[in-house]
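Me: I'm new to this structure and would like a close look at one helix, with enough of the surroundings to place it. Could you walk me through it in plain words?

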Amino acid sequence: MSFRNTNRAWGSLTKALHWIIVILIINQWWIAERAESLKGLEKLQALAWHKSFGMTILMLAVIRLVWRWLNPVPDLTSETKPWERGLAKISHVLLYALIFAMPLTGWLMSSARNFPVSWFKVFQFPDLVAPSETLFHRMNDLHHLLFAVLVVVAALHVAGALKHHFIDRNDVLKRMLPFGGVK
Amino acid sequence: MANYRISLAAAAVLLTGACHASAAAPAARWIQAPGSSLTFTFDQAGAASKGAFRQFSTELVYDEKSPATGSLNVKVQIASIDTQDQERNEMLVGADLFDAKKFPTAQYVASSFARTAAGGLEAVGKLTLRGVTKELRLPLKIVPTTAGLELSGATAIKRLEYGVGQGDWQSTEGVADEVKIQYKVVLTKAK
């Protein structure tokens, strides 16, 4: 497996970024769910982890987008129908947009609530806006709404991958698997 | 009767004269005016966060010519704490942190000022916070303004020494022990 993408296969860096972000997003959801029922110090700490992981996703998203621009994108199979290509394109654009928009709305929320963002206590991100309760509530709603959109688009993405694998019986799913793949 | 009055007036003149002689320049009393701020910076989960006390009062006795004779008295209304978040403000005034019900005010009292090695001025006094009194030297910069004086400076205290943080909050994992304090007080001459 090469480090870079080719016209037929995803490189190891793309795969690593894809799966690390998947794991981090699931972890984010789990921490956020848990934080809802916590209070005081425990909630503060849970949300500190959520913010640190969220900013990690944002930084990985930047690397991922740059890497996509610098690399060829393996094509879908020749049998893939235009409507499938269209749907794939839309969901991929949305997924990329969401891995930026989720952390950014989270960061805005934190700034608006005067709870600045630290990255695992290693360094602190600057505040994006001055404290504002109205803005906090707006960003909070948006953050939750975007998560709902993410769940729907991710489900579509998984459904598409499974269709390629089990119905069309092509390599589209296999070529993104960590150690599987296409030569 | 007339003589008596005159002698009384003379005595008064003499007395005031005597007072002036003993304390060459009586230190003026200054009180806090609008535009003053008392802010603090605390490390919350690795991020420096800011807050303020919106209500506090300051009284300063200060004479530029002999700063050591001055005094400073600051009273802070704990319930006026403002971290721009209602939930956090309520948590802060709660029993485990400032316990504003039991300890509604914090007070700093200094009855003398000293010169620091660097040539600056500092108040030599005591801070009472959450019922705990500790010695604390406050660096002060006092400059004249058109309206009077401006007193400013910054220091740092350890919140746990004053018991601000009981139970879970004794841990410094969420909120660091050291809290930085910044003050800028606008003062006008008391009448």
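Reply: Going from the N terminus, the elements of chain A come in the order α-α-α-β-β-α, so to speak a list of 4 helices and 2 strands. This is a predicted model, by the way. Chain A has 183 residues, and 22% of them count as buried. Its C-alpha atoms fill a box of roughly 55 × 30 × 25 Å along the principal axes. Of the contacts in chain A with a separation of 6 or more, 62% are made by residues 24 or more positions apart.

Now for the part to zoom in on: helix α3 of chain A, residues 82–112. This helix has 31 residues, and the distance from its first C-alpha to its last is 44 Å, close to the 45 Å expected at 1.5 Å a residue. There is a bend in α3(A), though, of about 25 degrees, and you'll find it at Leu98(A).

Next, look at which residues of α3(A) are buried. The list has Ile99(A), Met102(A), Pro103(A) and Thr105(A), and then Gly106(A), Trp107(A), Leu108(A), Met109(A), Ser110(A), Ser111(A) and Ala112(A). What lies over them? The cover for the buried residues of α3(A) includes three helices of chain A: α1 (12–36), α2 (40–70) and α4 (133–167). Once you're past the helix, look for Asn114(A), which follows α3(A) and has a positive phi, near 60 degrees.

To place the helix, it helps to know the nonpolar cores. The largest one has 42 residues, and the members that touch the most others are Leu60(B), Leu72(B), Phe98(B), Tyr108(B) and Ala123(B). Take Tyr108(B): leaving aside residues up to four places away in sequence, it touches Leu72(B), Val74(B), Gly125(B), Leu127(B) and Leu138(B). There is also a second, separate core of 6 residues, and this is where our helix comes back in: Met102(A) is one of its members, with Ile25(A), Ile57(A) and Leu150(A) also among them.

And the partner chain? Chain B has 2 helices and 10 strands, and from the N terminus they run α-β-β-β-β-β-α-β-β-β-β-β. Of its 191 residues, 22% count as buried. Residues 24 or more positions apart make up 56% of the chain B contacts with a separation of 6 or more.

Where the two chains meet, 16 residues of chain B are in contact with 14 residues of chain A. On the chain B side, the largest share is 4 residues from strand β2 (residues 47–53). Sorted by class, that side has 5 nonpolar, 7 polar and 4 charged residues.

Two loop residues in chain B are worth a stop as well. Asp99(B) isn't a glycine, yet its phi is positive, about 50 degrees. You'll find Asp99(B) in the loop between α2 (86–93) and β6 (105–115) of chain B. Why is Asp99(B) called partly exposed? Because it has 18 C-beta neighbours inside 10 Å, while a buried residue needs 20 or more and an exposed one has 12 or fewer. Arg130(B) isn't a glycine either, and has a positive phi of about 55 degrees. Arg130(B) sits in the loop between β7 (121–129) and β8 (132–144) of chain B, and it counts as partly exposed because it has 18 C-beta neighbours inside 10 Å.

Technical notes
Residues numbered from 1 in each chain as written. Chains lettered and ligands numbered in written order. Predicted model: local features only at pLDDT ≥ 70, side-chain atom pairs only at ≥ 80, totals over all residues. Contact = placed C-beta atoms within 7 Å. Nonpolar A, V, L, I, M, F, W, Y, C, P; charged D, E, K, R; others polar. Expected span 1.5 Å × (residues − 1). Bend = angle between axes of the 7 residues up to and from the residue. Core = buried A, V, L, I, M, F, W, Y, C linked by C-beta atoms within 7 Å.
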